Amino acid sequence: MKIDTGRLLAIASLALVPSGLALLYLQMSLAHFLSPLLEKIAVGPYDGLVPYLALVFTGSGAFLALILSLEVVAGKLFGVGRGVYLIKVKSHGARPYGITTGGLTRWISLVVLGGGEDPDLERFVELHEEAHARLKHPAKVWTVGAILYGEVAALPATYASLGPPPAYVYAFSVALAISTVYGLFVLVRALEVEADVYVFKNMGLRSHDLFVKLMKMRYGNWRQPLRSRLTHTQGEFVLLLGDPIAAHAPWEHLVLFSLLSSTALLPKIAANFAPAYQDPGAYYVLTFLAILVLSYFLSMAGEAVLRKIVRIKLTDRGYTNLARFATGLSLTMATVSTLTPPVASAILLALGSFIYYKIIKRYINNIYLLLIYLIIIIIIIPLFIYI
């Protein structure tokens, strides 16, 4: 029987769907029990938002605990301990393919090999799946999935404990869920880029020839079909040109950080502008479009600065994506930091800097890019403090 993503998802759903529904029921019961406490924190300029966010964090943590529990049970049933497992299956005549699955502490890569007709091609597939397991990609996907669960579950839990929240909390919750779903989409593509980088470091330029050969063998054409291109970036940028950040589409980071920034700004706009409090959905869309345009022009200026100051080997598309990523992340972190107390703002800014550093180190490994990011933060924060 061929093992594919669809079957794995079906098997996982048999455990996750009933467990998730049970977890949602427990969270709503807990929220109802804690309603006196939630009522006390539901005061101030962002009425109703603080309890919602508290329930988001509670739900996300509970979901991660659920995943870890199911993983431990499955590990005991199948005799799988913590760590990375690489399983190779020889199937004469089969086309090489692989799949990686796992939880928070266990990661398994299964690679089906066709009998050694092309050892290099089989090594290419092995390395790609090995990267997914060794770099703990399933755990990263589960973490974002837990955040999404927390966001979705928090709204009915808020309703059950406090009654109908203000209209802008509904709009905020929907906007936050949309941002997280889109963020998960970008994350999956980024993890594929990271796996391609891993292959490139081990096989060099010949990895691109093997990639083209694998695509022709699998799809009859060197270009991936749409369903594959949605989750996989353009491999030639990494495997041929050595420019991993260029593998993303130029609109990916622009849209992602515009969604996050406009979502973060929605409570502040609703609290200080009566029409936005009454019709938050419309003002969210207007804010998103305004930030999208602002991010676009700021990234153009940032790209010009990057080309002159930072001497790194990138394609034109790589410079564009790098500028949009740096500008977008700094804009989002600056936006979020203006809505929180000083201590929380400092923590968020430090967290954003750490995320930026880790991603840039993985993609480009140039410390000067962190300094540019911090300069952008310092310039942008004053723009939002007085909104």
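## Nonpolar cores

The largest nonpolar core of this structure has 45 residues. Those with the most contacts inside this core are Y52, I312, L314, L322, Y356 and I364. The structure is a predicted model.

Eight helices are listed as supplying at least two core residues each: α3 (49-78), α5 (137-162), α6 (167-203), α9 (235-239), α10 (252-272), α12 (280-309), α13 (316-337) and α14 (342-363). Helix α6 provides the largest share, eleven residues. A second core, separate from this one, has 14 residues, including V111, L127, L210 and V212. In soluble globular proteins, nonpolar side chains tend to be buried together.

## Packing of α4 and α7

Helix α4 spans residues 119-134 and helix α7 spans residues 206-219. Their axes come within 10 Å and cross at roughly 95°. Angles of 65 to 115 degrees count as roughly perpendicular, and α4 and α7 are therefore roughly perpendicular to each other.

On the α4 side, the contact is made by D120, L121, F124 and V125. On the α7 side, R206, S207, L210, F211, L214 and M217 take part. By residue class, the contact of α4 with α7 divides into seven nonpolar, one polar and two charged residues. L210, one of the α7 residues in this contact, is also included in the second nonpolar core.

## Aromatic pairs

Across the whole structure, a search finds six aromatic pairs. One of them joins F63 and W142, whose ring centres are 6.4 Å apart with the planes at 45°, so this pair is tilted. Because F63 lies in helix α3 and W142 in helix α5, the pair ties together parts that are 79 residues apart in sequence. F63 has a relative accessibility of 10% and counts as buried, since the cut-off for buried is under 20%. W142, with a relative accessible area of 23%, is partly exposed.

F63 also forms an aromatic pair with Y149, and this pair is stacked, with 5.0 Å centre to centre and 25° between the planes. The F63 and Y149 pair likewise links distant parts of the chain, with F63 in helix α3 and Y149 in helix α5, 86 residues apart. Y149 is buried, at a relative accessible area of 15%. F63, W142 and Y149 form one aromatic cluster.

Definitions and conventions
Residues are numbered from 1 along each chain as its sequence is written. This is a predicted model: local features need pLDDT of at least 70, side-chain atom pairs count only at pLDDT 80 or more; totals for chains, interfaces and linings use all residues. Side-chain values use heavy atoms; hydrogens and water are left out. A nonpolar core is a set of buried Ala, Val, Leu, Ile, Met, Phe, Trp, Tyr and Cys residues joined through side-chain atoms within 4.5 Å. Buried means under 20% relative accessible area, exposed over 50%, partly exposed in between (1.4 Å probe, protein chains only). Helices (H or I, at least four residues) and strands (E, at least two) are DSSP runs, numbered from the N terminus. Axes are lines fitted to C-alpha atoms, for helices over the stretch in contact, and angles run from 0 to 180 degrees between N-to-C directions. Angles under 35 degrees count as roughly parallel, over 145 as roughly antiparallel, 65 to 115 as roughly perpendicular and the rest as oblique. Contact means heavy atoms within 4.5 Å. Ala, Val, Leu, Ile, Met, Phe, Trp, Tyr, Cys and Pro count as nonpolar, Asp, Glu, Lys and Arg as charged, and the others, Gly among them, as polar. Rings of Phe, Tyr and Trp (its six-membered ring) pair if their centres lie within 6.5 Å; planes under 30 degrees apart count as stacked, over 60 as edge-to-face and the rest as tilted.
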